[in-house]
Amino acid sequence: MTKQSSITADDARFPLSKLTLSEMNPRQNVPVAEVEELAESIWTAGLIQNLAGIIDGVGGAEIVAGGRRLRALHLLAERHPDLAQERPELANPPVRIAPDLSTAQAWAVAENAARRDLHPADEIRAYGKMERSGATPAVIARAFAVTEKSVCRRLALAGLPEAVIDALAANEITLNAAACFTISADAVRSLEVLEQCRGENWSDHQIKKALKPDAVKDSDRRAQFVGIEAYQAAGGRIGGDLVAEETLLDDPEILATVFAERLAERAETYMRDGWKWVEVSEDDYLGYWFLQENGFERIYKEEGELSPEQSQRFSDLSELAEADALDAEGQEEFDALNAVLAGTYTETQKAHAGLILYVDRQGALQTCEGLIRKGDKAQAIAAGILETSHHGTDETPKSPISQKLREDLARVSQGARQHAALRDPDLLIDLLAYQLSHDLRWSKPFGLSTETCRTGRPQTARATRSMHA
């Protein structure tokens with residue numbers, strides 16, 4: 001064994017010419033294509049896993065585990081006559097030597113019956129090295145006997161800083177945590193966050209937030225509204241999680257500016273349509289409470305009418321629509337007739353009213369139309385497009401009875417209804433039917449209640465007389 005040099009107590013290097021396949025090795029027959037693919041992998045990524053064998057007594061070793069690797073190494077030696085000079089580590093591969101025959105037999109069975117997968121960090125480095133040498137994901141997948149999808153996932157991490165892959169190899173961070181670092185192109189910031197999360201069991205969200213605290217997802221309603229192209233045209237940068245296939249917008253200020261500009265452009269279009277005023281809102285929803293808080297009155301479109309011919313055509317198209325038998329031309333005609341029925345705002349209405357534009361949570365532009373401001377109500381009433389309202393104003397006629405009497409009469413009225421229901425229980429069914437058929441949306445039709453029982457007596461003489469009447 002003069003040509004071998006010790007690596008560890010159990011490992012030694014042997015020239016390829018001194019290595020043979022042991023009869024104990026289960027892989028006696030291997031397809032040539034597999035050997036060629038593995039040879040390409042070893043030439044690119046190196047011999048990741050050592051051979052294992054037993055001393056043959058003539059200065060060499062018989063390989064009991066790693067038959068495919070041994071064949072691939074011999075193939076490389078044939079293809080590269082100067083292998084010893086080009087790749088000495090492959091010309092003299094390391095072999096783990098079994099101390100006895102029983103151990104060698106156990107190794108031969110163990111490696112082929114229960115192979116241990118490579119650590120994800122080793123896969124990332126090996127696949128990345130092969131890719132940089134020109135290998136395609138398909139070739140890498142065949143060489144390592146894995147799926148092409150698995151290779152692509154690992155290659156997405158091949159560009160990570162070495163410190164991140166080292167932390168993954170040392171099990172200081174998880175594979176998911178390592179994948180989070182693909183969103184950052186700032187190596188300094190990545191290392192800072194790595195030191196903070198190393199061994200701390202941070203969630204993916206925490207890591208991504210630390211790497212890019214201000215980044216916005218492309219699913220953000222503003223991004224959906226303006227579009228990625230418009231954002232980039234304004235100088236916005238794009239990043240993303242390569243593993244999760246998530247796009248991030250790294251310049252929220254630019255996004256906000258483009259969003260505001262696009263809304264302003266749409267507002268200008270509506271102004272040209274004849275509205276008295278148009279505003280934009282940053283909110284993603286405008287409810288009834290918004291109108292109340294801001295004192296708006298609302299008017300609605302003037303409903304349109306169809307001619308007899310249009311009505312018949314609308315009926316025909318409706319039947320086709322219900323049967324899902326409308327073609328594109330029919331659908332267009334049907335939509336046009338529906339638009340006539342829906343009505344439109346008249347020029348007079350627009351001259352006294354306005355609208356508010358906003359973008360909803362899905363990134364779609366919405367309008368809250370037909371709004372009349374407080375200061376415009378008088379003119380709108382004079383123009384006949386808004387009715388006078390006495391609700392909550394001093395113009396409401398004063399009641400001829402006192403508040404106490406009104407309360408007493410309400411008590412008498414409710415008590416009468418309750419007594420009527422007790423005398424005739426079927427009345428409750430009639431009231432419920434009335435409520436449902438008229439879509440009243442009240443839980444207490446006609447003031448009936450299962451929670452409140454009016455037992456107090458009236459406090460005024462007039463109410464007492466009404467109760468006994």
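## A friendly tour of the predicted model

In this predicted model the mean pLDDT (the predictor's confidence in each residue, from 0 to 100) is 83, and 84% of the protein's residues reach 70 or more. Residues 1–9 have pLDDT below 50, with 14 contacts (heavy atoms within 4.5 Å) in the model beyond near neighbours in sequence. Residues 450–455 also fall below 50, and that stretch has six such contacts. Where pLDDT is low, the predicted coordinates should not be read in detail.

Residues are numbered from 1 along each chain as its sequence is written. Local features need pLDDT of at least 70 and side-chain atom pairs 80 or more, while totals for chains, interfaces and linings use all residues; side-chain values use heavy atoms, leaving out hydrogens and water.

The protein has 23 helices and 12 strands (DSSP runs, numbered from the N terminus: H or I of at least four residues, E of at least two). Of its 469 residues, 37% are buried (under 20% relative accessible area, 1.4 Å probe, protein chains only).

Now to one open sheet, where four strands pair (at least two DSSP bridges between two strands) in a mixed pattern, in the order S9-S11-S12-S10.

| Element | Residues |
|---|---|
| Strand S9 | residues 277–280 |
| Strand S10 | residues 297–298 |
| Strand S11 | residues 354–359 |
| Strand S12 | residues 365–372 |

S9 and S10 stand at the edges with a single partner strand each, so one side of each has no neighbour in the sheet. Two bridges join S10 to S12, and these strands run antiparallel. Glu297 stands opposite Ile372 in S12. Helix H15 (residues 252–271) lies across S9, S11 and S12, at about 150° to S11; axes are lines fitted to C-alpha atoms, for helices over the stretch in contact, and angles run from 0 to 180 degrees between N-to-C directions.

Key. Buried < 20%, exposed > 50% of the residue type's maximum accessible area, 1.4 Å probe, protein only.
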